[in-house]
Each structure stands twice: as C-alpha cells, then as structure tokens.
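Biologist: Thanks for sharing this one. Could we go through it together?

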Amino acid sequence: MAPFGKIYSYPNNFRVERAQVVAAFNGLEVPLAEDFKMGVDNTSDEFRAKFPLGKVPAFEGADGYCVAESAAIATYLALSGPKKDQLVGADAKTQGKIAEWAYFSESELVGNLLPPASMVVFKLLPYNEQLYNTCVSRAERALKRVNVALEGKKYLVGDQVTLADILVSSVIFFAAKFLIDDAMRKEIPNVVSWLQHLSTFPEFKPLGALAPLETRVTP
C-alpha cells in the first residue's frame, strides 16, 4: 500500500505519534518524512511555501494536500478512512463532545505540559520554578478532570475509541515519561486504568510502552 502522506518532524514527537495512531485505525500509512532536518529544512523557501510558519509536525498528503498543527492533522486523518464515524462521531452531538476533548487536549494538557518538559526533559528553557509549579498544578487539575470523566467508563465519548481518547491519551502517555509519578497516579486511578486499556490496542503502538514512573524528572 502506498503511503497516504508523510509528516515532517523531529523523531519521538508525541504530536506525530498521535496522528500515527489515528492513521492506524483507518488503515493509512503515514511515515515520517525521510532525512528531514529540523532547523534546516523547515526554514527553506520550499517548506515555508507549504507551511508558512515553518512549524512541525506538518503533514503533506500524497495528493499534495498540506495541513499543519497536531490536532488538525489527526482530525484530517480521522476523516480520511473507513472508521471516520467511529473516530469523529456520526452525529452532531457526538462530534461536539469529541471536539470538546480535542480542544481540551491542546489547551489544558499540551499547553501546560510542554513548558515543564522543555525545562526538565528537552532543556530548551531555563528552569523557572514559578512557571514550572504553575504549569504542573494546572496539568494536575486537567488530569483530575479526565479522571472524573472516566468514572465508570472505558472511553471518553461513547463505547469505543474515538479521536477524543487518542488526542487526550497521547499527551498523558508523554507526561507519564517525566511527570506522572507514583504519587500522582494514586490521584487518577481511572486515568491509569484507561491508559492501560488503550495500550492493549495494536493501533496505539506508536505511543510506545506505558512504563510507570516512580519519581518525576526534576531539574
């Protein structure tokens, strides 16, 4: 099967991995662009003609269609295959709830988890204790919101995996590598069970193994 498209990014980017999970559910092959050099290729005129901000991840379809922003890429892939109705919903109310979680994943999770990760994992930002603590507190609040939503449920919306589960869980899988330690997991048991359940699906393989973190990564 010929690739449906390719994604430009650096390796091990959870924002790419979530798109590849969606692609797997729809039977689409969406590999990383080969030989892409971050900081070089994304500054070229050719790249900027397709993606004016030069940001990654960025998707280019085999037909030439281009779209940027992680959630937008995942949504496009969800709409492009046989499991479209399952992933994005078959009616307006279901679609609305899935969209609600998609926006939540970007604003409440990605927005609050990337600054701490940039400080203690990627070392792209100098450590700022006030910013770190504020973001972690907000991330904990968001995780508890997900925990409440999953009470007595296997999935965030409906009775099968949707884009909501993929977008939200992918960020939490990422956070589990550096922030969600033993103490935090005790506060969100429903989230832990949900992640363990999702990890049994072969389509979630791009997110990697779910390995419990004993102590969070510190500066």
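What follows is a short exchange about a predicted model.

Biologist: Happy to start inside. Which residues have the most contacts inside the largest nonpolar core?

Modeller: In general, nonpolar side chains of soluble globular proteins tend to be buried together. Here the largest nonpolar core has 62 residues. H1, H3, H4, H5, H6, H7 and H9 each supply at least two residues of this core. Those with the most contacts inside it are Leu 156 and Trp 194.

Biologist: Lovely. Where do the buried residues of H9 fall, and against which helices do they pack?

Modeller: The buried residues in H9 are Asn 190, Val 191, Trp 194, Leu 195 and Leu 198. Seen down the axis of H9, they fall within an arc of 135 degrees, so they line one face of the helix. The helices they pack against are H6 and H7.

Biologist: Asn 147 caught my eye. Is Asn 147 buried or exposed?

Modeller: Asn 147 is found in helix H6. Leaving out residues up to four places away in sequence, Asn 147 touches Glu 187, Ile 188, Pro 189, Asn 190 and Val 191. Its relative accessible area is 11%, and the cut-off for burial is under 20%, so Asn 147 is buried.

Biologist: Good. On to charges: which parts does the salt bridge of Lys 50 with Glu 60 tie together, and how many residues apart in sequence are they?

Modeller: The closest N and O atoms of Lys 50 and Glu 60 are 3.1 Å apart. Lys 50 counts as partly exposed at 31% relative accessibility, whereas Glu 60 counts as buried at 14%. Lys 50 lies in helix H2 and Glu 60 in strand S2, so the pair ties together parts whose separation in sequence is 10 residues.

Biologist: And what about Glu 140 and Arg 216: how many residues apart in sequence are the parts they tie together?

Modeller: Their side chains meet in a salt bridge, 3.6 Å from N to O. Glu 140 lies in helix H6 and Arg 216 in the segment after H9, so the parts tied together have a sequence separation of 76 residues.

Biologist: Last one, on the surface: which residues make the nonpolar patch of about 360 Å²?

Modeller: One member, Val 121, has its place in the loop between helix H5 and helix H6. Val 121 has a relative accessible area of 37%, and patch residues need over 30%, so Val 121 passes that cut-off. The patch is made by Val 121, Phe 122, Leu 124 and Leu 125.

Notes: Residues numbered from 1 in each chain as written. Predicted model: local features only at pLDDT ≥ 70, side-chain atom pairs only at ≥ 80, totals over all residues. Heavy atoms only, no water. Patch = residues over 30% accessible without salt bridge, like charges linked within 9 Å, V, L, I, M, F, W, Y side chains within 5 Å. Areas by Shrake-Rupley, 256 points an atom, 1.4 Å probe, with all protein chains shown as cover. Salt bridge = Lys/Arg side-chain N within 4 Å of Asp/Glu carboxyl O. Helix = DSSP H or I, 4+ residues; strand = E, 2+ residues; numbered from the N terminus. Buried < 20%, exposed > 50% of the residue type's maximum accessible area, 1.4 Å probe, protein only. Core = buried A, V, L, I, M, F, W, Y, C linked by side-chain atoms within 4.5 Å. Arc of directions from axis to C-beta. Contact = heavy atoms within 4.5 Å.
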